[in-house]
Structure formats: C-alpha cells, structure tokens
Amino acid sequence: MSSTEDTSNFFQRPEYSEEYWDTYLAARPAYSQSFYQSIYSYHRRLPSAQFQTAHDIATGPGQVAAELSDHFDHVIASDLNPTHLEVAAHRLSSLTSSGKISL
C-alpha cells in the first residue's frame with residue numbers, strides 16, 4: 001500500500017500541539033549541566049570575559065536557547081526548519097517579547 005502523504009519533513013505540523021512538543025522534548029537526550037558549564041567556563045577564560053551574545057544553531061523548540069539566556073545578555077536562536085522556529089517562538093514567547101532571545 002502506498003501513500004501520497006509527504007513525509008520528507010515530519011516536523012512540519014499544521015498546528016502547534018503542546019502535548020506533541022512536550023513528548024518530543026521528553027524523548028530527546030537532555031544536555032547535562034556540565035555541557036553548559038563548559039560553555040560558560042570557556043567564556044570566563046577569555047581575556048574580555050564577555051557574555052553579550054550566544055547563538056543557538058539548530059535551536060529546535062528552543063530548550064538550549066532558554067538555558068543560555070540565563071547567562072548571556074542576548075541569544076540568537078536559528079533553525080533551517082520554519083516549524084521549529086514557530087515552536088521556539090511559542091515556547092519562548094516571554095523571552096522573545098522581552099528581547100532576551102531573537103529568532
């Protein structure tokens with residue numbers, strides 16, 4: 001049996017579903033605090049020790065951008081998938097509206 005449904009990108013969902021994205025995040029490996037601490041330690045070792053801007057590339061639903069926003073003045077979150085950016089915008093709305101994160 002064949003299907004004509006486009007499955008080339010199953011993340012392109014027609015509407016936002018909190019339950020779907022909560023399940024998605026629960027199934028993903030969590031980044032450890034030591035991962036984040038290595039980023040922060042690297043920046044502290046720089047002569048200028050700057051924490052102005054971080055860039056979360058391939059942000060997905062934005063969980064890393066949210067964590068980085070606690071330590072950086074501004075976080076740029078980008079993703080090639082427009083659905084991921086829409087989800088990140090929804091999940092990070094308070095941080096994007098305050099200017100802390102830009103998509």
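**View A. Meet the largest nonpolar core of this predicted model.** Thirteen residues, written as 13 in the count, make up the largest nonpolar core, and those with the most contacts inside it are Tyr40, Ala65, Leu68, Phe72, Val75 and Ile101. Three elements each supply at least two residues of this core: helix 2 (33-45), helix 3 (63-68) and strand 2 (74-78). Helix 3 gives the most, with three residues. As a general habit, nonpolar side chains in soluble globular proteins tend to be buried together.

**View B. A closer look at Tyr40 and its contacts.** Which residues does Tyr40 touch, not counting residues up to four places away in sequence? They are Phe51, Glu67, Leu68, His71 and Phe72. Two of these names, Leu68 and Phe72, may be familiar, since they are listed with Tyr40 among the residues with the most contacts inside the core.

**View C. Three strands build an open sheet.** The strand order is 1-2-3, and the pairing is parallel. Strand 1 (53-57) and strand 3 (101-102) are the edge strands, and each pairs on one side only. In general, the strands of a sheet pair through backbone hydrogen bonds, either parallel or antiparallel.

**View D. Follow the pairing from strand 1 to strand 2.** Five bridges link strand 1 and strand 2 in the parallel sense. Thr53 stands opposite His74 in strand 2, and Ile57 has Ser78 as its bridge partner there. Between these two strands the chain passes through helix 3, making a β-α-β crossover that is right-handed.

**View E. Strand 2 has two faces and another partner strand.** Which residues of strand 2 lie on its covered face, and which on its uncovered one? Val75 and Ala77 are on the covered face, while His74, Ile76 and Ser78 are on the uncovered one. Strand 2 also runs parallel to strand 3, joined to it by two bridges. Here Val75 has Ile101 as its bridge partner in strand 3, and both residues are among those with the most contacts inside the core.

**View F. Aromatic rings come together in pairs.** Seven aromatic pairs turn up in a search of the whole structure. One of them is Tyr20 with Trp21, an edge-to-face pair at 5.0 Å centre to centre, with 85° between the planes. Tyr20 counts as partly exposed because its relative accessibility is 21%, whereas Trp21, at 1%, counts as buried. Phe35 and Tyr36 are also edge-to-face, at 5.2 Å centre to centre and 75° between the planes. Phe35 is partly exposed at 34%, but Tyr36 is buried at 5%. Finally, look for Tyr20, Trp21 and Tyr24, which form one aromatic cluster.

Notes: Residues numbered from 1 in each chain as written. Predicted model: local features only at pLDDT ≥ 70, side-chain atom pairs only at ≥ 80, totals over all residues. Heavy atoms only, no water. Core = buried A, V, L, I, M, F, W, Y, C linked by side-chain atoms within 4.5 Å. Buried < 20%, exposed > 50% of the residue type's maximum accessible area, 1.4 Å probe, protein only. Helix = DSSP H or I, 4+ residues; strand = E, 2+ residues; numbered from the N terminus. Contact = heavy atoms within 4.5 Å. Pairing = 2+ DSSP bridges. Right-handed = clockwise from strand over helix to strand, strands pointing away. Phe/Tyr/Trp six-rings, centres within 6.5 Å; stacked < 30°, edge-to-face > 60°.
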